[in-house]
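Here is a briefing on a protein with a bound ligand. Look over the sequence and the structure first.

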Amino acid sequence: MKSPGIKTSLAAASCLGLAAVASWAAPAKLEVNLGATGPAIPPNFYGLMTEEINYSYDGGLFAELVRNRTFQDPPAGAAGRDSKAAIGVIPPHWSVVGSANATTNRIDPVNAALPVNLRLTLSGGTGGVANNGYWGIPVKPATNYTATFYARGNDGFTGPVTASLLTDAGDRTVVKSETSPLTAAWKKYTLAFTTPAAAPTTAAARFVLSASGTGSIDFSFVSLFPPTYQGVPNGLRPDLMKLLADMRPGFIRLPGGNYVEGSRFADRFAWKKMIGPAEQRPGHQGCWSYRSSDGFGLPEYLLWCKQLGAEPVLALFAGYTLNGDYVAAGSAELDLYTKEALEEIEYVMGPADSEWGKRRAADGFPEPFKLKYVEIGNEDFFDRSGSYEGRFAQMAKAIREKYPQLKIIATTPVTSAKPDLVDDHIYASASTMLREWSRYDVGSGHPEGRKADGIKVFMGEWATQGGSPTPNLMSALADAVFVMGLERNADDVLLECYAPLFANVNAENQAKGHPRGWQWNTNLIGYDALNSFGSPSYHVLALFGQNKGDFVVPVTLDVPQIVKPEDPHPHGLVGVGSYGTQVEYTNLAVTGADGHKLSSGNLIAETGQWQFPNGRWSATDGVLRPPGGSPQTWALAGDPSWTNYSVTLRARKLGGSEGFIVLWHSADGDNYRWWNLGGWGNTVSRCEVSESGGREPYGPSTPFTIETGRWYDLKLEVNGHSVRGYVDGKLVMQATDEPNRPTATAFASAAYVTASGELIVKVVNTADRPLETEIHLANARQVGTGKAIVLAGDPSAVNSLAQPANVAPKEEPLTNAAVSFGRTFPPHSVTLLRFPAKK
Ligand code: AHR
C-alpha cells in the first residue's frame with residue numbers, strides 16, 4: 001500500500017525569495033480522498049510516557065507536600081551513589097523553629113523501612129521543626145489538608161504536638177491543629193484542618209510540627225496532603241490530572257525510561273518495595289539526581305491509569321542498568337528478575353485471589369487491570385555487550401508461556417526471539433523532526449523505518465528539542481507534524497507517547513542550595529507548587545487526543561518549498577561544557593585566523609567574560625569547574641562576532657561518566673556547536689550541533705576515551721563550517737556541518753470518525769507567511785459546517801507559570817466547508833478542521 005504523503009512543488013520553490021515574500025505566488029492544493037481508506041488508528045494510539053524525572057511524582061503528580069518525609073534524603077550536594085542520610089544533623093528541607101534543637105537519629109525506629117527519626121528537643125519554650133516542601137508548601141484559602149505522622153514523647157514529654165501552616169513572610173500561622181497528648185510509644189497521628197477563607201494563596205510557606213515544654217519528641221514519616229484528584233487518600237494532584245484527562249490518553253508507559261533501569265542494580269525499579277502501605281516503602285535513589293520517596297509506587301501508577309481510563313504499558317526491569325552493568329541470560333540473577341517480572345504482571349492483571357493479585361487488592365484495586373503490552377527493559381541499544389539478545393529471549397519466553405495473550409515490546413531490534421513491537425525513540429531539533437514525518441512511510445528507506453517480519457513500532461519516547469523547560473511553538477509545530485506522520489502510518493506504529501511528560505519548573509536557588517526542578521531540557525507540562533500549564537506541544541497533543549479518528553484518510557498536499565540559505569560566515573562564542581562529569585579547564589586562549597590573539601593567555605581568568613546558561617561554574621586560580629550535581633552544563637565566553645579562530649586549552653577529568661566538551665560558534669545556551677570528546681559514556685569523539693536546544697551529532701564518530709586525573713592539551717581549529725580537533729598535538733577530529741537539507745514547510749493529514757461521520761483534517765504551516773489553500777474533498781457527497789481549532793503565534797513563543805495561555809488553541813466555526821473550499825492557514829500554525837463529510 002502506498003502511504004498517503006506530501007507532494008511538494010519544487011518548481012514553485014525556485015521562483016520564491018525568503019522572508020521578503022508576504023504570501024505564496026499560487027495557492028497550495030490539498031486533496032482529501034474520502035473514497036480511499038488508510039490504516040485504522042488503534043483506540044489507544046495516543047498515550048503518556050512517565051518516569052520519576054524533573055520531580056514528576058515527588059514534587060509533581062503525587063500530591064504529598066512534605067519533602068524528605070522520612071528524613072532519608074542525603075545532605076545537599078551529596079545526592080548520588082551510596083549517599084546516605086546523615087545522622088545527628090537537621091535533615092535537608094527541614095529547619096528548626098523557635099527555641100528547640102533538632103537532629104536525626106536511628107534509635108528504635110517505627111520499622112525497617114523508616115530507619116531515621118527526627119528528634120525535636122525542647123528547651124522550656126515553644127519550638128518545632130519546619131518542612132519547606134518542594135520549593136514551598138502551597139497554601140490556599142478554604143482548603144482541606146490532612147497531616148499524618150508518627151510521634152513518641154521522650155525524656156518526660158507527654159504534651160500534644162501542634163501541626164501548622166506558617167507563611168514565610170512574618171512567620172504568620174495560617175491554620176493549626178493539635179494532637180492528643182503523646183505517649184512514650186510510637187503512635188500514628190492524623191490531623192485534618194481547613195485554611196480560613198481569608199488565607200493567602202502562596203507557596204512561600206512551611207509545614208511546622210511544634211510543641212511546648214521540656215523533653216523531646218521523635219518524629220517519623222511526616223506527611224501532608226492537600227485535596228487530591230477525586231478525593232483519593234494519598235492521591236494525585238488535581239490540576240495536573242485535569243491537564244492529563246484533557247489529553248484523553250489511551251495508555252500510560254510506566255515506569256520509564258531510565259528510571260526503570262536505575263543507575264545501578266541497587267537503584268533499579270524494585271517494584272516489590274513500592275507496593276503496600278507507604279510507610280513500609282523504604283524509597284530509593286532515582287537516576288535523575290534525587291531520591292524518590294516511592295510514595296508514588298506501583299499502586300499509584302495503577303490509580304493513575306484507572307482515574308484516566310488508560311491502560312498501563314508496563315516496562316519490566318530486564319537486568320541492565322545505566323552504568324552498563326548487566327546480568328547474562330541463564331544467570332541466577334536473570335532468573336530472579338524474570339520471576340519478578342512475571343509476578344509484577346500478575347500484580348497488575350492477575351485475579352484478586354492469585355498471590356500477587358491479592359496484594360493488589362489489598363492496595364485498593366480488587367479488579368485486575370487490562371494489560372495488553374509489556375516492554376522488556378529500556379533503551380537496551382546502549383548495552384554494547386550484546387547481552388540484550390539473551391536477556392530478551394529468556395524473559396520473552398517466560399512471559400509468552402504464562403501470558404500468551406500479551407504483546408511484547410523489545411527496546412531495540414533483536415533476532416534471538418521475535419518481539420511483537422520494537423520501541424523507537426527520537427529527540428531532535430525541529431528541522432529534523434519535520435524531516436522525520438515520513439520515517440514510517442512505506443518505502444521511505446529510513447533506517448529506523450518499518451521493520452521486517454511485520455514487527456510493529458511503539459514510538460515510546462519522542463519530542464522536538466527546543467524551548468526549556470517546556471517547548472516553544474516551533475517545537476510544537478514539529479511535534480504536530482511528527483505525530484501526524486506516525487498517525488498516518490498507524491498500521492505500523494501502534495502506540496505513541498511524547499517524553500518527558502512533566503517538569504517542575506522551579507529555578508535553581510543558589511542561596512538555599514537548591515538545584516532547579518528539571519533535569520531534561522524540553523518537557524510537555526510545567527508546574528510549581530501552586531500552578532501548572534500546558535506547553536504549546538501539550539495543546540497539540542490534547543487537540544489530537546480529543547479529535548482522534550478511527551482510520552486515516554489519504555491526502556496529498558501540493559505546496560511550495562523553502563530552502564534556507566546557509567550563513568556564509570558562521571560566528572559566535574567559545575565555551576566548555578560538562579555532561580554528568582567533573583572536569584577542570586584552564587589556559588584557554590583564542591587566536592584569530594590571521595594569528596592575532598582574540599583573548600588573553602587564559603580567558604578563564606577574565607571571569608567577567610563568562611556566561612553560564614545552566615548553572616554557575618566556579619573560576620578560581622584560572623581554573624574553571626562546573627557546579628556539582630548539574631547533569632548538563634556549559635560556560636560561554638568571547639565575542640559573538642568571532643568567525644574563524646582556534647581555541648587552545650588544558651582539560652582534566654576528575655570523575656563522572658563522560659569526558660570533555662568544547663564549544664564554538666555559540667549564540668547562547670541553546671544554539672551552538674560542540675566537540676564531545678569522550679561522549680556517549682566516554683567512548684566516542686564527535687561533533688554535535690544544537691539549534692534551539694535540539695542537539696544532533698554530525699561528522700565522523702571516532703572511538704575515544706578520556707582518562708581520569710590526567711591533563712590533556714586540546715586544540716580546536718574553526719574555519720567556516722569546518723572544524724578540526726587535536727588532542728596532545730594529534731588530529732583526532734575533522735568535521736563539516738551538514739548543509740541545510742530542504743524541509744517542506746506545510747504538512748497535512750486526515751482521519752475519519754465513523755460514528756459521527758466527521759472528517760478531521762490537520763494542517764501545519766511552519767512558514768512565516770500565510771498559506772492560502774484550495775481544499776478538495778474527492779468522493780465526498782455531503783459536507784456540513786463544523787469547527788476549526790487553530791494554534792498559532794511567534795515560533796519562539798512559550799507558555800509559562802506567568803503566562804500559561806500565551807500560546808493556546810482558539811476555536812471558531814467552520815462555515816464554508818464544502819466539496820471544494822478555500823482556507824488560509826496562518827504563519828507558524830497548527831489547524832484542525834472537524835466537520836461532517838459523507839462519502
Ligand atoms: O525521556 C528522558 C529519557 O530519555 C528516558 O529516561 C530515557 O529512556 C531516554 O534516554
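The points below cover the ligand site, the cysteines, one helix and some backbone details.

This is a predicted model, in which local features need pLDDT of at least 70, side-chain atom pairs count only at pLDDT 80 or more, and totals for chains, interfaces and linings use all residues. Residues are numbered from 1 along each chain as its sequence is written, and side-chain values use heavy atoms, with hydrogens and water left out.

**Ligand site**

- Glu51, Gly257, Asn258, Trp288, Asn378, Glu379, Tyr427, Glu461, Ala499, Pro500 and Trp520 surround the ligand. A residue is listed here if one of its heavy atoms lies within 4 Å of the ligand.
- By class, this shell has five nonpolar, three polar and three charged residues. Ala, Val, Leu, Ile, Met, Phe, Trp, Tyr, Cys and Pro count as nonpolar, Asp, Glu, Lys and Arg as charged, and the others, Gly among them, as polar.
- Polar contacts are pairs of N or O atoms within 3.5 Å; within protein, one must be able to donate a hydrogen and the other to accept it, and residues adjacent in sequence count only if both atoms are side-chain atoms.
- Glu51 places a polar side-chain atom 2.5 Å from an oxygen atom of the ligand.
- For Glu461, a polar side-chain atom lies 2.7 Å from a ligand oxygen atom.
- In Asn378, a side-chain N or O atom is 3.1 Å from an oxygen atom of the ligand.
- On its own the ligand has 280 Å² of accessible area, and the protein covers 94% of that. Areas come from the Shrake-Rupley method with a 1.4 Å probe; for residues, only the protein chains shown count as cover.

**Cysteines**

- The structure holds zero disulfides. A disulfide is a pair of cysteine sulfur atoms within 2.5 Å.
- Why does Cys305 form no such bond? The closest cysteine sulfur, in Cys497, is 12 Å from the sulfur of Cys305, too far for a bond.
- Cys305 counts as buried, because its relative accessibility is 1%. Buried means under 20% relative accessible area, exposed over 50%, and partly exposed in between (1.4 Å probe, protein chains only).
- Cys687 also counts as buried, at 1%.

**Helix α6 and strand β10**

- Helix α6 (residues 332-349) has 18 residues. Helices (H or I, at least four residues) and strands (E, at least two) are DSSP runs, numbered from the N terminus.
- From first C-alpha to last, α6 reaches 26 Å, close to the 26 Å expected at 1.5 Å a residue. That expected span is 1.5 Å times one less than the number of residues.
- Of the 18 residues in α6, 13 are buried, so the helix is mostly covered.
- Phe219 lies in strand β10 (residues 205-225). At 1% relative accessibility, Phe219 counts as buried.

**Cis peptide bonds**

- The bond from Leu254 to Pro255 is cis, with omega near 0°. Pro255 is in the loop between β11 (251-254) and α4 (258-261).
- The bond from Ser468 to Pro469 is cis too, with omega near 5°. Pro469 sits in the loop between β18 (456-464) and α10 (473-487), and counts as buried at 15% relative accessibility.

**Positive phi**

- Asp108 is not a glycine, yet has a positive phi of about 40°. Asp108 is in the loop between β4 (94-105) and β5 (117-131), and is exposed at 54% relative accessible area.
- Asp171, also not a glycine, has a positive phi of about 45°. The loop between β7 (162-167) and β8 (173-178) holds Asp171, which counts as partly exposed at 46%.
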